[in-house]
Amino acid sequence: MRIACLLMVCLFGVAGTKAQNVEVHLQTKGAAIQSTMYGVFFEDINFAADGGLYAELVKNRSFEFDNPLMGWEAFGNVSILTQKPCFPNNPHFARLSFSNELSGSGFENSGFRGMGILQNEQYNVYFYARNVISVSDTVKLKIELLTSDNTVIQSKVVSIFGTDWRKYETSLASWQTTKQGRLRISLVNKGVLDIDHISMFPQNTYKKRKNGLRNDLAQALETMKPGIFRFPGGCIVEGSTLATRYQWKNTIGPVENRPTIINRWNYTFGHRRFPDYYQSFGLGFYEYFLLSEDIGAAPLPVINCGLSCQFENFDDKQHCAPENLQPYIDDALDLIEFANGSTATKWGKIRADMGHPAPFNLKFLAVGNEQWKEPYAKRLPLFIKAIREKYPNINIIGSSGPGPEGDKFEYGWTEMKKNAVDLVDEHFYKSPEWFLKNVNRYDQYSRQGPKVFAGEYACHVSNRSNNLESALCEAALMTGFERNADVVHMTAYAPLFAHVDNWQWKPDLIWFDNVQMVKTPNYYVQALFAQNKGDYVIPFLNSTNPSQPIAGQDSLYASAVVDSANHTIILKIVNVGNVNKDIQCTLIGYTSTAHMPEITQTELRAEHRNWVNSIDKPNEVVPRQYKLMMEKNQLKIKLKKSSFNMIKIVLQ
Ligand code: AHR
């Protein structure tokens, strides 16, 4: 995280409004904080996977979109065929036939509304090709990397020989950055050839992996230190129909043979349609597990429970009948074997063959996404029975429906308790008022029974921007999560990523274009909580009313934790009000030593609560750090209007 470090010594006794007295009880050990407490939720929405995190630059690389040449601008003699394909699950391929020397035959791919090409980067290009006419002829293909104004950045010629499908590889170097790059492929001499799966990746993917991820975006996740990684959705798990549901088995093995399907966010919102939005599944379940491991998060896959999207399908016939669920249940059990099974098992061996003999240590599995009422109640128990029997140590997550209150929610929670799931997934996309009103929500929850997974949430301000106000309301609610860490075991903001030109849903945690990304104020709040979650809660109270947590009085919301390993006390305080406030904090149970504790205040604020970060102005709302000093056990803290503050007290 980029922190402007302003060394400002905030002395005890600064003039201002009369300080409110608060107290932190260092010796009163509260609930343990789970390592999973603050996580991330990834769904392929807003071009988050293809055209986003997945670093592939070629769109429709296998010619499998409904319009097989979508994304390709062809010239000369180009046709699409399916006879004797290279990859049976992606049977279409292109045939380039020489037309004439002047205009030539070939095509250009413009990526996902432009290819993001970086200066001083190498690009690995590979494709499969065969000669059509004769074994002895060699056909030459020119591969060119172009800028938007048609300047050739680099060009290479590859010779294609033989009439069998073969893999060809080359690389192109870039000396300039462009957001609108293109890849051109054309025949150089006479001949006819077939070509398929045309792929181009930067060499510098995250951790330099092949078939890898965009470095800046994956790095932003790692920096957050998330405790869980929930994937692959979201509504995408359910599908608009069962045929288009997410089937993890189609997303593993050689990328060339993972069948491409339409993305449901292609057409879901009539006012923001994206006809070129498909899923190549190049970023599939193996890659999701690997990413979880790379960023240090516990993997949390969501599997389809036999229901297609309940928002779109009202008739039970559109779902899989409970008596026919076995293949869905097998998918769940096989997934656990894929993640955790030894290399002697069928699915464990597939994982090992893909490059990861060690298990992925899967502990959590969500059965269904946003499911509700009888259709879910009839199906969930069948999954629970099978999973508990075979894998009793897996923690099962059930759904409480699409919203955090009302009929579906109440019904859902009753069912989840009856079925003794381990965690219940709650989703809330709500107004600032709702967020602030619900800070105490979990104070009332039963301490027995399933724990809470706030699996998708975001504060929706009226224009649904990622402004400071939304981030502050989320921070306020998160102090309520933290105070109730005995009940709330997992949380995740949603959605995670959005391409600035290709989004369907906002707000989103991280925005990006083809070459840059921007962290929202909401990202900084999530990151500050996740990086500083501590390991147990301590009481943080208002001295005049010590029976109450600080949860809205005078527009302040607060929580406190201890990070034992680092001998650190961490206070999180949100001032959602429009005036600056001073508080005087007594550390009860602190005995001063010869060494002064090192104290920092990290502050997230801006001039106006409607400020946002953007690609052009990414640093409008970023954390800044100050040093504070304590006198005996007293700490004076300035809380500026509309600010989130984290105070770290490192005891020597
Ligand atoms: O996060 C966007 C969508 O919101 C998710 O797909 C779904 O679970 C919820 O309705």
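Me: A polar contact is a pair of N or O atoms within 3.5 Å; within protein, one atom must be able to donate a hydrogen and the other to accept it, and residues adjacent in sequence count only if both atoms are side-chain atoms. With that settled, how far is a polar side-chain atom of E43 from an oxygen atom of the ligand?

Reply: First, a caveat: this is a predicted model, where local features need pLDDT of at least 70 and side-chain atom pairs count only at pLDDT 80 or more, while totals for chains, interfaces and linings use all residues. Residues are numbered from 1 along each chain as its sequence is written, and side-chain values use heavy atoms, with hydrogens and water left out. As for E43, its polar side-chain atom sits from a ligand oxygen at a distance of 2.6 Å.

Me: Which residue puts a polar backbone atom 2.8 Å from an oxygen atom of the ligand?

Reply: Don't mix this one up with E456, where an N or O atom of the side chain is 2.8 Å from a ligand oxygen. The backbone contact, with a polar atom 2.8 Å from an oxygen of the ligand, comes from C235.

Me: What share of the ligand's own accessible area does the protein cover?

Reply: The areas come from the Shrake-Rupley method with a 1.4 Å probe; for residues, only the protein chains shown count as cover. On its own the ligand has 280 Å² of accessible area, and the protein's share of cover is 96%.

Me: How many residues in the shell around the ligand are nonpolar?

Reply: The shell (residues with a heavy atom within 4 Å of the ligand) is made up of E43, G234, C235, W265, N369, E370, Y429, E456, P495 and W505. For the classes, Ala, Val, Leu, Ile, Met, Phe, Trp, Tyr, Cys and Pro are nonpolar, Asp, Glu, Lys and Arg are charged, and the others, Gly among them, are polar. That gives 3 charged residues, 2 polar ones, and a nonpolar count of 5.

Me: Is C235 buried or exposed?

Reply: C235 belongs to helix α2; helices are DSSP runs (H or I) of at least four residues, strands (E) of at least two, numbered from the N terminus. Leaving aside neighbours within four places in sequence, C235 is in contact (heavy atoms within 4.5 Å) with E43, R264, W265 and N369. Buried means under 20% relative accessible area, exposed over 50%, and partly exposed in between (1.4 Å probe, protein chains only). With C235 at 12%, the verdict is buried.

Me: Which residue does a cis peptide bond join to G233?

Reply: Most peptide bonds are trans. This one is cis, with omega about 20°. The partner is found in the loop between β15 (228–231) and α2 (235–238), and the residue joined to G233 is G234.

Me: Where does P507 lie?

Reply: P507 is on the far end of another cis peptide bond, the one from K506, with omega near 0°. P507 lies in the loop between β24 (497–499) and β25 (510–512).

Me: What relative accessible area does H567 have?

Reply: H567 has a positive phi of about 50° without being a glycine, and so does F47 show a positive phi, of about 60°. F47 counts as buried because its relative accessibility is 1%. H567, by contrast, sits in the loop between β30 (556–563) and β31 (568–575) and is exposed, at 52%.

Me: Which are the edge strands of the open sheet?

Reply: The sheet has 6 strands in the order β29-β28-β2-β32-β36-β35, with mixed pairing. Two strands pair if DSSP finds at least two bridges between them. Each edge strand pairs on one side only, and the two are β29 (545–549) and β35 (630–631).

Me: Which residue stands opposite E631 in β36?

Reply: β35 and β36 (residues 634–639) pair in the antiparallel sense over 2 bridges. Opposite E631 stands Q634.

Me: Which residue takes a positive phi in the hairpin of β10 and β11?

Reply: β10 (residues 138–146) and β11 (residues 152–161) run antiparallel and are joined by 9 bridges, with L146 partnered by V152. β10 is also joined by 6 bridges to antiparallel β13 (residues 178–187). The hairpin has 5 residues between its strands, and the one with a phi near 75° is N150.
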